[in-house]
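Work through the following exercises with the sequence and coordinates open. Each task is followed by a solution in steps.

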Amino acid sequence: MKPDIILAGVLAKKHTFTLPLNYQNPIAEQIQVFARELCSPENKDKKLPYIVFFQGGPGFAAMRPASNSGWIRRALKEYRVLLLDQRGTGLSTPINYQSLQHLEPAAQAEYMSHFRADNIIRDAETIRAQLCPADKWAILGQSFGGFCVLHYLSAAPQGVSEAYITGGIPSLTRSADDVYLATYQRVLAKNKQFFQRFHDAQHLVTRLAKHLLENEVYLATGERLTVEILQLLGINIGMEQGPESVYYLLEQALINTASGTVVNPLFLNHFGQMLDYNTNPIFALLHEAIYCQHSASQWAAHRVRQQFPAFNYQQGKPFLFTGEMIYPWMFDQFSHLVPLKAAAEILAHKSDWPALYNLEQLAQNRVPVAAAIYSEDMFVEMQYSLETAQQVGRLKYWLTSEYEHNGIRMDGEHILDKLISLNRGDTLR
């Protein structure tokens, strides 16, 4: 089948694979997993190795590139790029409240338990066996995708020629509680930077919070906009250009009319577009589970938050945004999460999650790994990343303060080029 030309200067081909939901029972329920293959026109007849991209999340589809730019431009010089819609996302068999509504909560939770990094990597190896069974391929993981990379190196290193990680080296052994103890402190630091940089932002947001406490305001998606939901906007202040987006949104939040002060409909529409909890429920259901190995999270972010009372907003006190945290009340307030509340409780108390990392295998790793560690990352604790870097054989890292967590979106060509040079022993350019 001829590839479709859908991008400026890039050839694209669609792949759909039928794979087991549960690899322990592979002849039972099947799911579809989608991947988009990209190739530069000048290389279309060449036998090039693949590089597979693992998206951040969990629960988000691979990027939909509109041009030959960024890290893809660099990768296409020597690879075919495979953009994987991880199981449950994008054009793969979807996960949402509608797709799960026919199941009881216990069955919903059991179904969802098959959507962590271990099965994402089983999917990848099964796909490799179909696309290029005689060849290894390179892998690139951003954020949660980096967690997938380290699981790949633990479980199936024989399929990997080289590995790259950006903003996503997890601790191999620390609990979810440890993770949130560290990340709450990073969120505090990002709040301080945000409100120092935008001098009137505290006034804008506290005025808005007061209005929300005194009036019922509803988002375009139907949810009541509460102070707690407003705080969730902080997930954006740890991203490239995120602080600017949040500030510009706050500037237009309240408007004066003949009948008094009201929330701007434009603000409400844009606000809903900056939060993904309704549209990407895997993120809410399984985010804490990505840290769990033979243990339950028990709503770790919610519990650890009690050690940081400054996040509990009261009128007359400074307003603080939260970060990449999932709270049980979200399953009461977000309309598409409400039907999944009981399943979320079951998953939060599930204690038999399998181990994700083989420490002995990683210590003996022979696959070249290059990682970008962002010292100012709000989402991944730098010290834990450095700790892990010492536990993985042949891992070289580039520690930089130049980028936020999603730096690869803004300067991906430069970042990937540096990592390739690092992996191959070249001098960093």
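A residue counts as buried when its relative accessible area is under 20%. The model is predicted.

**Exercise 1. Determine how the two faces of strand S6 are covered.**

Step 1. Strand S6 runs over residues 137–142, and 6 of its 6 residues are buried.

Step 2. Sort the side chains by direction: Trp137, Ile139 and Gly141 point one way, while Ala138, Leu140 and Gln142 point the other way.

Step 3. Both sets are buried, so with the cut-off of under 20% neither direction from S6 leads to an exposed residue.

**Exercise 2. Find the strands that pair with S6 and the sense of each pairing.**

Step 1. With S4, strand S6 forms 4 bridges in the parallel sense. In this pairing Phe54 is opposite Gly141 of S6.

Step 2. With strand S7 (residues 160–166), S6 forms 5 bridges, also parallel. Here Trp137 is opposite Val160 of S7.

Step 3. Trace the connection: from S6 the chain passes through helix H4 (residues 144–155) to S7, and this β-α-β crossover is right-handed.

**Exercise 3. Place strand S10 in the pairing scheme and describe its burial.**

Step 1. Strand S10 covers residues 369–374, and 6 of its 6 residues are buried. Val369, Ala371 and Ile373 point one way, and Ala370, Ala372 and Tyr374 the other.

Step 2. S7 and S10 are joined by 4 bridges in the parallel sense; Tyr164 has Ala370 of S10 as its bridge partner.

Step 3. S10 and strand S11 (residues 395–400) are joined in the parallel sense by 6 bridges. Ala370 has Lys396 as its bridge partner in S11.

Step 4. Add the helix: S10, H15 and S11 form a β-α-β unit that is right-handed.

**Exercise 4. Check the length of helix H5 and identify what covers its buried residues.**

Step 1. Helix H5 has 22 residues (176–197), which at 1.5 Å a residue should span 32 Å.

Step 2. The C-alpha atoms at its ends are 31 Å apart, in agreement with the expected span.

Step 3. List the buried positions; among them are Ala176, Val179, Tyr180, Thr183, Val187, Lys190, Asn191 and Phe194.

Step 4. Consider the spacing. An α-helix has 3.6 residues a turn, so residues three or four places apart point the same way.

Step 5. The cover over the buried residues of H5 includes helix H6 (201–214), helix H8 (242–251), helix H11 (300–305) and helix H15 (382–389).

**Exercise 5. Classify two loop residues, Ser40 and His114, as buried or exposed.**

Step 1. Ser40 sits in the loop between strand S3 (30–39) and strand S4 (50–54). Its relative accessible area is 2%, so Ser40 is buried.

Step 2. Setting aside neighbours within four places in sequence, Ser40 contacts Gly9 and Leu76.

Step 3. His114 is in the loop between helix H2 (105–112) and helix H3 (117–131). Its relative accessible area is 10%, so His114 is buried.

Step 4. With neighbours within four places in sequence again left out, His114 contacts Leu21, Asn22, Arg87 and Asn119.

**Exercise 6. Describe the largest pocket and its lining.**

Step 1. The volume of the largest pocket is about 850 Å³.

Step 2. Its lining consists of 36 residues; those nearest the centre are Gln55, Met239, Asp276, Asn406 and Arg409.

Step 3. Helix H1 (70–75), H8 and helix H16 (407–423) each contribute at least two residues to this lining.

Methods. Residues are numbered from 1 along each chain as its sequence is written. This is a predicted model: local features need pLDDT of at least 70, side-chain atom pairs count only at pLDDT 80 or more; totals for chains, interfaces and linings use all residues. Side-chain values use heavy atoms; hydrogens and water are left out. The expected span of a helix is 1.5 Å times one less than its number of residues. Buried means under 20% relative accessible area, exposed over 50%, partly exposed in between (1.4 Å probe, protein chains only). Contact means heavy atoms within 4.5 Å. Two strands pair if DSSP finds at least two bridges between them. A crossover is right-handed if, with the strands pointing away from the viewer, the path from the first strand over the helix to the second runs clockwise. On a 1 Å grid over the protein atoms alone, a cavity is a set of points where a 1.4 Å probe fits but cannot get out, and a pocket is an open set with protein on both sides within 12 Å along at least five of seven lines; lining residues have an atom within 4 Å of a point. Grid points are joined across faces, edges and corners, and a volume is the space filled by probe spheres set on the points.
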